Amino acid sequence: MFADDTALIIGNKNKEQLEIDTFIAFSMAKQYCYQNDLVLNQSKSYQLIFTPHPNHYQGIPEITTVESNKYLGIILDNNLTWEPHLNQLRKKLNSSLFVIRRIKQISNIETALTAYYSLFESHLRYGLVVWGGTSATNLQKIAIIQKRAIRTLKGLNSLDSCRDAFRELRILTAASLYILETILYAVKSGQARLGDQHNYNTRHRHHFALDIHHLSLYEKKPSYRGAIFFNCLPEDLKLLPEGNLKTSLKRWLLERPFYTQQEFLNWRTQSW
């Protein structure tokens, strides 16, 4: 019997207590395996130490410490930059782009669109709500590959604008996909709204209350990013019930092909 992709997640601000908690958790995991006739292969077990600042924490001596490792198809790195994952993702997207080009040459646009959704966008969407909080530079590299795919589908030149093509093909940009996913995540998580803090019928009562924080890394959390994006939506979308929000929000984003998250945050100052 095999039990792959099992993870222990331990966190503590105190390094000494973290060592104790880690040792106890690992010992309990080994004991569980022994009692249930499972073999723990320590040579294939790894530990990732997440920390915003180096603190010389060594972890469990008998387990190999790595800077990045794949878990459920997503490559995690110890600084949560997501660069190793995005490097691998770009290779997959470029391979998918080659297939789309070949299909477009020998078939029609409908077949090429099917290939886009099944081969390209499926990779793009996987884990997006997590790694989409990476740096703007990393996101730009992904956006460039997506634009190449759109130009291939529409038969555009390398310097032609893609905004109208996104609208005509009814395809969401990478930035819009991230915005959509994080907003839906924030809504489903049931975070506190400003209206929950008082009984006044204020204009922003439907807005999410943003938690006070001290680290920029906190702002990359899907729940926090989703709350910020939701608060920037038009009033008619914010008033929609949860069951109707996804369809209406997707339709609204399709009419406004945002290339970056900053474009979305400033959408009121732009003409679409």
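These are my notebook entries on a pocket, a cavity and a nonpolar core that I looked up in a predicted model.

**Entry 1: the second largest pocket**

I began with the second largest pocket, for which I noted a volume of about 380 Å³. Its lining is made up of 24 residues, and those closest to the centre of the pocket are Gly 132, Thr 134, Ala 136, Leu 139 and Gln 261. I then asked which helices each supply at least two residues of this lining, and I found helix 4 (128-131), helix 5 (136-154), helix 7 (174-188) and helix 11 (261-265). Helix 5 contributes the most, with five residues. When I sorted the lining by residue class, I had twelve nonpolar, nine polar and three charged residues. I also looked up where the pocket sits with respect to the domains: because domain 2 (83-166) and domain 3 (177-269) both give residues to the lining, the second largest pocket lies between them.

**Entry 2: the cavity**

Next I searched for cavities of 30 Å³ or more, and the structure holds one. For the largest cavity I wrote down a volume of about 40 Å³, with a lining that consists of Ala 143, Gln 146, Lys 147, Phe 166, Thr 173, Ala 174, Ala 175 and Tyr 259. By class, this lining divides into five nonpolar residues, two polar ones and one charged. Helix 5 and helix 7 each supply at least two of the lining residues, and the largest contribution, three residues, is from helix 5. I noted that helix 5 therefore gives the most to the lining of the second largest pocket and also to that of the largest cavity.

**Entry 3: the largest nonpolar core**

I turned last to the largest nonpolar core, which has 52 residues, and in which Leu 153, Ile 183, Leu 249 and Trp 252 have the most contacts. Among the elements that give two or more residues to this core are helix 2 (83-106), helix 3 (109-125), helix 6 (163-169), helix 8 (222-231) and helix 10 (242-254). Helix 7 provides the largest share of the core, nine residues. Since domain 2 (83-166) and domain 3 (177-269) both give residues to the core, I place the core between them. As background, I recalled that nonpolar side chains in soluble globular proteins tend to be buried together.

I followed up one of these residues: which residues is Leu 249 in contact with, leaving aside its neighbours within four places in sequence? I found Leu 180, Ile 183, Leu 233 and Leu 237. Of these partners of Leu 249, Ile 183 is itself listed among the residues with the most contacts inside the core.

Conventions
Residues numbered from 1 in each chain as written. Predicted model: local features only at pLDDT ≥ 70, side-chain atom pairs only at ≥ 80, totals over all residues. Heavy atoms only, no water. 1 Å grid on protein atoms, 1.4 Å probe; cavity = no way out; pocket = protein on both sides within 12 Å on 5 of 7 lines; lining within 4 Å. Points joined across faces, edges and corners; volume = space filled by probe spheres on them. Helix = DSSP H or I, 4+ residues; strand = E, 2+ residues; numbered from the N terminus. Nonpolar A, V, L, I, M, F, W, Y, C, P; charged D, E, K, R; others polar. Domains from an automatic or database assignment. Core = buried A, V, L, I, M, F, W, Y, C linked by side-chain atoms within 4.5 Å. Buried < 20%, exposed > 50% of the residue type's maximum accessible area, 1.4 Å probe, protein only. Contact = heavy atoms within 4.5 Å.
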